[in-house]
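Trainee: I should like to learn how to read the features of a protein model one at a time. Where should we begin?

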Amino acid sequence: MSLARALPDFPWDTLAGARRRAFSHPDGIVDLSVGTPVDATPSLAREALLNAHDAPGYPTVWGAPETRRAIIDYMVNRWSSVELTDECVMPVIGTKELVGWLPKLLGLGSGDAVVYPECAYPTYAVGAQVAGARMVPLDDPAALPPDARLIWINSPSNPSGAMLSLEQLRAWVAASREGGAVLASDECYGEFAWEAEPISVLDPRVNDGDMAGLLAVHSISKRSNAAGYRAGFVAGDPTLVGELIGARKHLGMMLPTPIQAVMAALLADQEHVELQRERYAARRALLRPALESAGFRIDHSEGALYLWASRDEPCRETIDWLAERGILAAPGDFYGEAASTHIRIALTATDERIEAAAHRLQSS
């Protein structure tokens, strides 16, 4: 059987009917189903790309020294990471690629378990399937199965926006080490926290200064409106990073040199991130009360670029209700059985479209 046949159907394909209904709205669709940035990529990215466009030679999997330095500086200065060396970091071709392939690259297979949140980004489970490992949705670090070899945590969470506290992060680190598992922390939404402090797993408050068995995953897609550049990085345990580099050399998993230059430039600048955070905060402040006025309850949503909403009914009924008003959202069942009565509303739409959605909700 081919890999494509073995994997589940791509979830967004199931929204075709709701999408058609939303498109039929006389004032057009408001698509809040996918977290794709719509605001302009900062000009400094375009300048870096132009300056690095002459790249006749192959890049390295490990990344250029300038790229590694930018990653290290960002993690230490922005996320209070323990001190990192070049051996602790590696660029990746978009973090979805890393999430999907990490179990395989770590050599997991039959007899190994990949643990991920009960309400979670579906690629964690897909990565386990690709490796032939057992999929274990679990929210309690005290209940880790003995065959757990890779644990994913995600804070702020996609889809719910829930954020792990310092105490919760420490509990996951302790449990992973006791069981001999790798703990991979997906921190791609960390720049967008609204009601709690975002903390990296590489913060010494979490790991007591020891990176053994820990990986932090970051992306420029959301923080810098650069999803089209497909760039991110992993940082942490140098032994694990070295193993990943060794495997990826054989597979040609190299981030192009011009894209590395873009990522380095964007990681070195925090001003554009602050401006983008203000944009999303304004959209959130408009959309949340509109949803509540239409009878929705907002759960979690302490961070990330989404509102996790419910009307305490099957999520597909809620999706149809919104589609009749020209609004498309992501159903909770994309993210696991625990999310079957929720929907994910993205803030990644233009101000005009967010205003249109708010007006339609308030008029319901």
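Mentor: Let us begin with disulfides: a disulfide is a pair of cysteine sulfur atoms within 2.5 Å. Please keep in mind that this is a predicted model.

Trainee: How many disulfides does a search of the whole structure find?

Mentor: The search finds zero disulfides. Take Cys315: the closest cysteine sulfur, in Cys119, is 11 Å from the sulfur of Cys315, and is therefore too far for a bond. For Cys188 the closest cysteine sulfur is also in Cys119, at 17 Å, so a bond is again ruled out by distance.

Trainee: Is Cys315 buried or exposed?

Mentor: A residue counts as buried when its relative accessible area is under 20%. Cys315 has 2% relative accessibility, so it is buried. Cys188, at 11%, counts as buried too.

Trainee: How does one look for empty space in a model, and how many cavities of 30 Å³ or more are found here?

Mentor: Rolling a probe the size of a water molecule over the atoms shows where empty space is left. In this structure the search finds one cavity of 30 Å³ or more. The largest cavity holds about 30 Å³ of space. Its lining includes Cys188, together with Tyr74, Trp79, Glu187 and His218 among others. The elements that give two or more residues to this lining are α4 (65-79) and β7 (214-219). By class, four of the lining residues are nonpolar, three are polar and three are charged.

Trainee: How much space lies in the second largest pocket, and which residues are the closest to its centre?

Mentor: The second largest pocket contains about 480 Å³ of space. It is lined by 24 residues, of which Pro117, Cys119, Asp139, Ser160 and Ala162 are the closest to the centre. Two elements, β5 and α7, give two or more residues to the lining, and the largest share, three residues, comes from β5. The lining has 14 nonpolar, seven polar and three charged residues.

Trainee: Where does Ser155 lie, and with which residues is Ser155 in contact beyond its sequence neighbours?

Mentor: Ser155 lies in the loop between β5 (148-154) and α7 (166-179). With its neighbours within four places in sequence left aside, Ser155 is in contact with Ala162, Met163, Leu164, Asp186 and Glu187. A polar atom of the Ser155 side chain lies 2.8 Å from the backbone nitrogen of Leu164. The relative accessible area of Ser155 is 9%, so this residue is buried.

Trainee: How should I read backbone angles, and which peptide bond is cis, with omega near -5°?

Mentor: Most residues other than glycine have a negative phi, and most peptide bonds are trans. Here the bond from Ser155 to Pro156 is cis, with omega near -5°. A cis peptide bond also joins Asn158 and Pro159, with omega about 25°. Both prolines belong to the loop between β5 and α7, Pro156 as well as Pro159.

Trainee: What is phi of Ser80, and what is phi of Asn225?

Mentor: Ser80 has a positive phi, near 50°, and Asn225 likewise has a positive phi near 50°. Ser80 sits in the loop between α4 and β2 (89-92), while Asn225 is in the loop between β7 and β8 (232-236). Their exposure can be read as before: Ser80 is partly exposed, at 41% relative accessible area, whereas Asn225 is buried, at 7%.

Notes:
Residues are numbered from 1 along each chain as its sequence is written. This is a predicted model: local features need pLDDT of at least 70, side-chain atom pairs count only at pLDDT 80 or more; totals for chains, interfaces and linings use all residues. Side-chain values use heavy atoms; hydrogens and water are left out. Helices (H or I, at least four residues) and strands (E, at least two) are DSSP runs, numbered from the N terminus. Buried means under 20% relative accessible area, exposed over 50%, partly exposed in between (1.4 Å probe, protein chains only). A polar contact is a pair of N or O atoms within 3.5 Å; within protein, one must be able to donate a hydrogen and the other to accept it, and residues adjacent in sequence count only if both atoms are side-chain atoms. Contact means heavy atoms within 4.5 Å. On a 1 Å grid over the protein atoms alone, a cavity is a set of points where a 1.4 Å probe fits but cannot get out, and a pocket is an open set with protein on both sides within 12 Å along at least five of seven lines; lining residues have an atom within 4 Å of a point. Grid points are joined across faces, edges and corners, and a volume is the space filled by probe spheres set on the points. Ala, Val, Leu, Ile, Met, Phe, Trp, Tyr, Cys and Pro count as nonpolar, Asp, Glu, Lys and Arg as charged, and the others, Gly among them, as polar.
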